[in-house]
Amino acid sequence: MTACLFCWKDREDMADRPTESSLGWIERLIAHHSISSDSNMALIDEVSEHFTGLGLDVCLTTNVAGTKANLFATLPGRSGCHKDGLILSGHTDVVPVDGQDWSSDPFAMDIRQDRLYGRGACDMKGFLGVAIALAETFAARPPSRPVHYALSYDEELGCLGAPSMISDLVARGYRPRACIVGEPTDMMPVVSHKASRVFECHVQGKACHSADPDHGVNAIHYATRLIMFLQKIAENMRSEEKQDLAFDPPFSTLVVGTIQGGVATNTVPESCVFTFAFRTLPTHDDEAVETAIRTYISETILPDMRREDRNADVVLHRRAHVPAMRTLRCDALIPIVSSLGKMHGGCVSYGTEAGLFQKAGIETLVCGPGSILHAHKADEFVTLEQLGRCETWLRGLVSSDT
């Protein structure tokens, strides 16, 4: 069982409310329809213009098509230094609202009974709005060490955008002392999360009339065999793997999410496509899980299929890979977490971009306003109280460097 790395006494001086500046930026961010399937360039351009006007150095990294961008901006320390410092990180994309029954326009901030509603309110434009608003305060009185802003694209699709941004900052020799990823955690510091990998599997058989199935290769049949193998892996993860009670659930998981195949009942299906994902504990070798699956395909499924037809095939495409986060060395994080007062370090089963920063050698903490239980749903919200606590916390962290 993983013990909490941090634990402090209660403190009641963080129950503030966000400033009008923070609310204004949250409203502007929510108004952008930055759904993962769409471009985020309008949002990035607005934030970039604001940061440039405050004197921050801004660098963009884009996708191949140039339709989406990460933004990495730095407010230099008083000496003009760009290295060291603290990263405030968040993703700009949000999930769709299709099919959801909202009580208000999801892309218009709505405040009702001390709750702020809107798509991305907690995941995670609330944190970003607070952090961006504070840039003006930081720029007016620069701290001794730099403050960095890392805004990414396509996190909701599997953390696809952040790797190029992180590679770029590493290549430029930046060595931030720590990073805060502001995912919704109810302002509770998270020091560990599982790794995840997402796959799409294409099984290609051979069609024929179902009256004489021996003349074809049933793609659904072989997809089913592979899915049963995946189910066995999931069962082994639950029963044989060493569990960690700090997580819920306390074991690694594997889930088949979608499946499509066949055209008619009287036709042997030529193709079948399914998706699956697994989430592994930080102590579990996620590479070994993928290797076992690929080995089963190449050594068992494919030979059997190709005995029926040499053109049969199985293609396994990894769509996303989010590394685990596991904070063991926490020198730079101790003062950051201690400033949260009554909070303690915890573990979560969902993935974030924190694992990518940590993999690059940057000590990382996940902490932000809002609850993950309210993310991705209709009437997504974050409380004003938590936004205020977040603003007070971030302002105090950076001010301590002045």
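Colleague: Which strand holds Ser196?

Modeller: Ser196 sits in strand S9, which covers residues 195–204; strands are DSSP runs of E with at least two residues, helices are runs of H or I with at least four, and both are numbered from the N terminus. This is a predicted model, so local features need pLDDT of at least 70 and side-chain atom pairs count only at pLDDT 80 or more, while totals for chains, interfaces and linings use all residues. Residues are numbered from 1 along each chain as its sequence is written, and side-chain values use heavy atoms, with hydrogens and water left out.

Colleague: Why is Ser196 called buried?

Modeller: Its relative accessible area is 10%. Buried means under 20%, exposed over 50% and partly exposed in between, using a 1.4 Å probe and protein chains only. So Ser196 counts as buried.

Colleague: What is Ser196 in contact with, beyond its neighbours within four places in sequence?

Modeller: Phe278, Arg279, Ala320, His321 and Val322. Contact means heavy atoms within 4.5 Å.

Colleague: And what does Phe229 in helix H5 (residues 219–239) touch?

Modeller: Leaving aside neighbours within four places, Phe229 is in contact with Ala292, Ile293 and Tyr296. Phe229 and Ala292 are 63 residues apart along the chain, and their C-alpha atoms are separated by 10.0 Å.

Colleague: What makes S2 largely enclosed by the rest of the structure?

Modeller: Seven of the seven residues of S2 are buried, so the label fits. Ala69, Leu71, Ala73 and Leu75 point one way, and Asn70, Phe72 and Thr74 the other. In a regular strand, side chains alternate between the two faces of the sheet.

Colleague: How do you know that S2 pairs with S1 and with S6?

Modeller: Two strands pair if DSSP finds at least two bridges between them. S1 (residues 57–62) and S2 have six, in the antiparallel sense, and S2 and S6 have five, also antiparallel. So both count as pairs. Asp57 stands opposite Thr74 in S2, and Leu71 stands opposite Leu151 in S6.

Colleague: What makes a set of residues a nonpolar core?

Modeller: They must be buried Ala, Val, Leu, Ile, Met, Phe, Trp, Tyr or Cys residues, joined through side-chain atoms within 4.5 Å. The largest such core here has 52 residues, with Leu116, Tyr149 and Leu394 making the most contacts inside it. Its largest share, 13 residues, comes from H3. A second, separate core of 29 residues includes Cys201, Ile227, Ile297 and Leu316. In soluble globular proteins, nonpolar side chains tend to be buried together.
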